[in-house]
Protein chains: 2
Amino acid sequence: MRISTRGEYGVRAMFDLAIHYGKGPIPLRVIAERQVVSEHYLEQLMRSLRQAGLVVSRRGAQGGYELADHPENIRIGDIIRVLEGPITPLDCLESTTGTGGPYCEQPELCVLRGLWRSLQESMEQVLDNTTLEDLRRDAAAMKVAESYAGNLS
Amino acid sequence: MRISTRGEYGVRAMFDLAIHYGKGPIPLRVIAERQVVSEHYLEQLMRSLRQAGLVVSRRGAQGGYELADHPENIRIGDIIRVLEGPITPLDCLESTTGTGGPYCEQPELCVLRGLWRSLQESMEQVLDNTTLEDLRRDAAAMKVAESYAGNLS
DNA sequence: TTCAATTCCGACGTAGTTACTCGGGATTCC
DNA sequence: GGAATCCCGAGTAACTACGTCGGAATTGAA
């Protein structure tokens, strides 16, 4: 029931970009330093996020990454899905082929399906109802100045 | 964000025992056949569940496993915790030592902590408010006779 | 009393995943 | 032209998930 470091670091990086939204591109090196994660590793994650259209990049000197959209339009669930795949406790909920044991092919007969579906919905509810803007506002409410906020995990 | 087969098979097995609660011990072999999981593997899971006090066992001929308590007193969360460990998206929520990045040692300064905590609470809310009795009742409501219910995933 | 059924236990194996690292090419600004 | 930066594919070491295996201990029944 854990998210991996991909999701964790990815959200940290996106939060960092949200805090500094509107100030032009931020180099990977800076994000990695502020969030205390491996630069090379984070680069891989940013690659995924860029391909998914959540961030845009600029190459060369003065280049870097920035959010592709306003923080209020980026949900945490979007980030997690890109980096971790579908938000689901069990793969069989996503496919119709049924890998969740006997009778999983006939969802109407699978009692446990309802349980896992509820779990899935409750997770998605939290992650899709929180945007980067919410987090940015939380940071501000904590009276943590922007200059420090970049260091928050 | 997935549960592993330990949790999945474990819940399936406990559900099976709930359906057949009050009829004496059920041999591992029977559970494994009904749920279509490896007998040897399931044995390991039952070992954990027994040590945690969720099931009781009887050895020898006519032996097997049964729930240690009435199905309404066994929550899905109890089962998952035994087989998967704490229900949490991030280990740092469980410890006070702080492994969630900079400032995680000072939770009041960690903006993301609130997000992960919400996610954790929503997962626990579902898993701790569903008991084996709820699932048993679901099965009955589905008009699936007990004799078939044992086959449900 | 013997025998078959069953749980109990510890160890082993192995395929896949995770969490990175690395080297170099392409692009952009000054 | 050169420094800064992103872009890309490959490699790798450790860990985890998902089992397997062989046999000892216990129990009920014939």
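C92(A) has a relative accessibility of 5% in this predicted model, so C92(A) counts as buried, a label used for values under 20%. C110(A) also has a relative accessible area of 5%, and C110(A) is therefore buried. What is the number of disulfides over all chains? The structure holds 0 of them. For reference, a disulfide is a covalent bond between the sulfur atoms of two cysteines.

Let's turn to helix 4 of chain B, which spans residues 76–84. Since 7 of its 9 residues are buried, this helix is largely enclosed by the rest of the structure. The buried positions are I76(B), G77(B), D78(B), I79(B), I80(B), L83(B) and E84(B). Their packing partners come from both protein chains: chain A supplies helix 5 (111–128), while chain B supplies helix 1 (5–19), helix 3 (39–51), helix 5 (111–128) and helix 6 (132–141). Just after helix 4 of chain B comes G85(B), with a positive phi near 85°.

I79(B) deserves a second look. The largest nonpolar core has 84 residues, and I79(B) is among those touching the most other members, along with M14(A), I79(A), W116(A), M14(B) and W116(B). Leaving aside residues up to four places away in sequence, I79(B) touches G10(B), V11(B), M14(B), L49(B), L54(B), I74(B) and L132(B).

Now for the nucleic acid. Which residues come nearest to DNA strand C? Of the 25 residues around the strand, they are S38(A), L28(B), E43(B), R50(B) and S57(B). On the DNA side, sugar and phosphate make up 64% of the atoms of strand C that come within 4 Å of the protein. Polar side-chain atoms also lie close to phosphate oxygens of this strand, as tabulated here:

| Residue | Distance from its polar side-chain atom to a phosphate oxygen of DNA strand C |
|---|---|
| Y9(A) | 3.2 Å |
| S57(B) | 2.3 Å |
| Y65(B) | 3.0 Å |

Several elements give two or more residues to the surface near DNA strand C. From chain A these are helix 1 (5–19) and helix 3 (39–51). From chain B they are helix 2 (28–35), helix 3, strand 1 (55–58) and strand 2 (64–67). Sorted by class, the surface near DNA strand C has 10 polar, 8 charged and 7 nonpolar residues.

Key:
Residues numbered from 1 in each chain as written. Chains lettered and ligands numbered in written order. Predicted model: local features only at pLDDT ≥ 70, side-chain atom pairs only at ≥ 80, totals over all residues. Heavy atoms only, no water. Buried < 20%, exposed > 50% of the residue type's maximum accessible area, 1.4 Å probe, protein only. Helix = DSSP H or I, 4+ residues; strand = E, 2+ residues; numbered from the N terminus. Contact = heavy atoms within 4.5 Å. Core = buried A, V, L, I, M, F, W, Y, C linked by side-chain atoms within 4.5 Å. Disulfide = S-S within 2.5 Å. Near = heavy atom within 4 Å. Polar contact = N/O pair within 3.5 Å; in protein donor to acceptor, adjacent residues only side chain to side chain. Nonpolar A, V, L, I, M, F, W, Y, C, P; charged D, E, K, R; others polar.
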